[in-house]
Amino acid sequence: MNKIIKSGITVFIIATIGAILLSWVYSFTSPKIEEQKIQTVKNAITEIFPNILNFEIVSGFSNKDISGGIKIIEVYKVNLKDGKVGFIIRAKFSGYGGKIESLIGYEEEKCKGIYVLEHSETPGLGSKIVEPSFRNQFVNKNLSDPFKVKSDITPISGATISSNAVSTAIKKIGNFYLENIKKGGS
């Protein structure tokens with residue numbers, strides 16, 4: 001009986017020391033991780049709008065649920081060097097393997113591009129949603145287009161569900177942009 005208690009106390013002490021060390025490491029790595037996430041978002045915005053002057057967060061749209069299980073995380077207003085304004089919508093939506101977090105750019109009535117930040121799609125199939133060969137077909141696509149896979153969107157071979165999830169989300173978020181952001185933001 002004493003041996004069991006002694007083993008339990010030893011495991012408890014080791015687990016406590018491990019938890020303290022882990023929280024200590026996290027305390028000085030978390031600012032760097034957050035800084036890296038912000039830099040990734042800045043790089044993605046610049047990839048979608050190469051002629052960016054600056055950008056700012058638009059208030060009133062954070063953590064907003066829209067149709068189709070899509071969650072708007074943040075909206076960024078992007079001022080461009082030519083005097084025009086674009087918008088980036090950071091959103092999460094369901095894919096085949098889980099949630100897909102992405103940044104989608106819109107200007108006037110067009111999609112300007114998509115950048116996938118995180119996903120859990122099947123490696124080698126659905127994971128190809130991050131590749132330019134798939135993403136580039138959305139660049140400068142008019143939001144009045146149907147965004148239908150196998151119609152005006154070429155799906156990734158073997159990943160029709162992932163392809164459909166991305167194109168449907170771009171269309172629905174685009175409709176949200178037209179109805180709620182473009183009217184009051186440009």
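Let me start with I173. In this predicted model, I173 touches I66, I70, I72, I89, A91, I104 and Y106, leaving aside residues up to four places away in sequence. I173 also belongs to a group of residues in the largest nonpolar core that touch the most other members; the others in that group are I72, I89, Y106, F138, V166 and I170. The core has 32 residues.

Where do they come from? Two or more residues each are given by β3 (70–80), β4 (85–94), β5 (99–107), β6 (110–118) and α3 (160–185). The largest share, 7 residues, is from α3. Another core lies apart from this one. That other core has 11 residues, including V41, F49, L80 and L103.

Now the strands. β5 and β6 run antiparallel and are joined by 7 bridges. One of the pairs is G105 with its bridge partner G113 in β6. The hairpin of β5 and β6 has 2 residues between the strands, and E108 in this hairpin takes a positive phi near 55°. On to the next pairing: β6 is joined to β7 (residues 141–142) by 2 bridges, again antiparallel. There, K110 stands opposite N142 in β7.

Last, the surface. Which residues make the nonpolar surface patch of about 1,200 Å²? They are M1, I4, I5, I9, F12, I13, I17, L21, W24, V25 and F28. Take I13 from that list: I13 sits in helix α1 (residues 2–48). Is I13 buried or exposed? Neither, strictly: I13 has 44% relative accessibility, so I13 counts as partly exposed. The cut-offs behind that are under 20% for buried and over 50% for exposed.

Terms used:
Residues are numbered from 1 along each chain as its sequence is written. This is a predicted model: local features need pLDDT of at least 70, side-chain atom pairs count only at pLDDT 80 or more; totals for chains, interfaces and linings use all residues. Side-chain values use heavy atoms; hydrogens and water are left out. A nonpolar core is a set of buried Ala, Val, Leu, Ile, Met, Phe, Trp, Tyr and Cys residues joined through side-chain atoms within 4.5 Å. Buried means under 20% relative accessible area, exposed over 50%, partly exposed in between (1.4 Å probe, protein chains only). Helices (H or I, at least four residues) and strands (E, at least two) are DSSP runs, numbered from the N terminus. Contact means heavy atoms within 4.5 Å. Patches are made of residues with over 30% relative accessible area and no salt bridge: like charges are joined within 9 Å, nonpolar side chains (Val, Leu, Ile, Met, Phe, Trp, Tyr) within 5 Å. Accessible areas come from the Shrake-Rupley method with a 1.4 Å probe; for residues, only the protein chains shown count as cover. A salt bridge is a side-chain nitrogen of Lys or Arg within 4 Å of a carboxyl oxygen of Asp or Glu. Two strands pair if DSSP finds at least two bridges between them.
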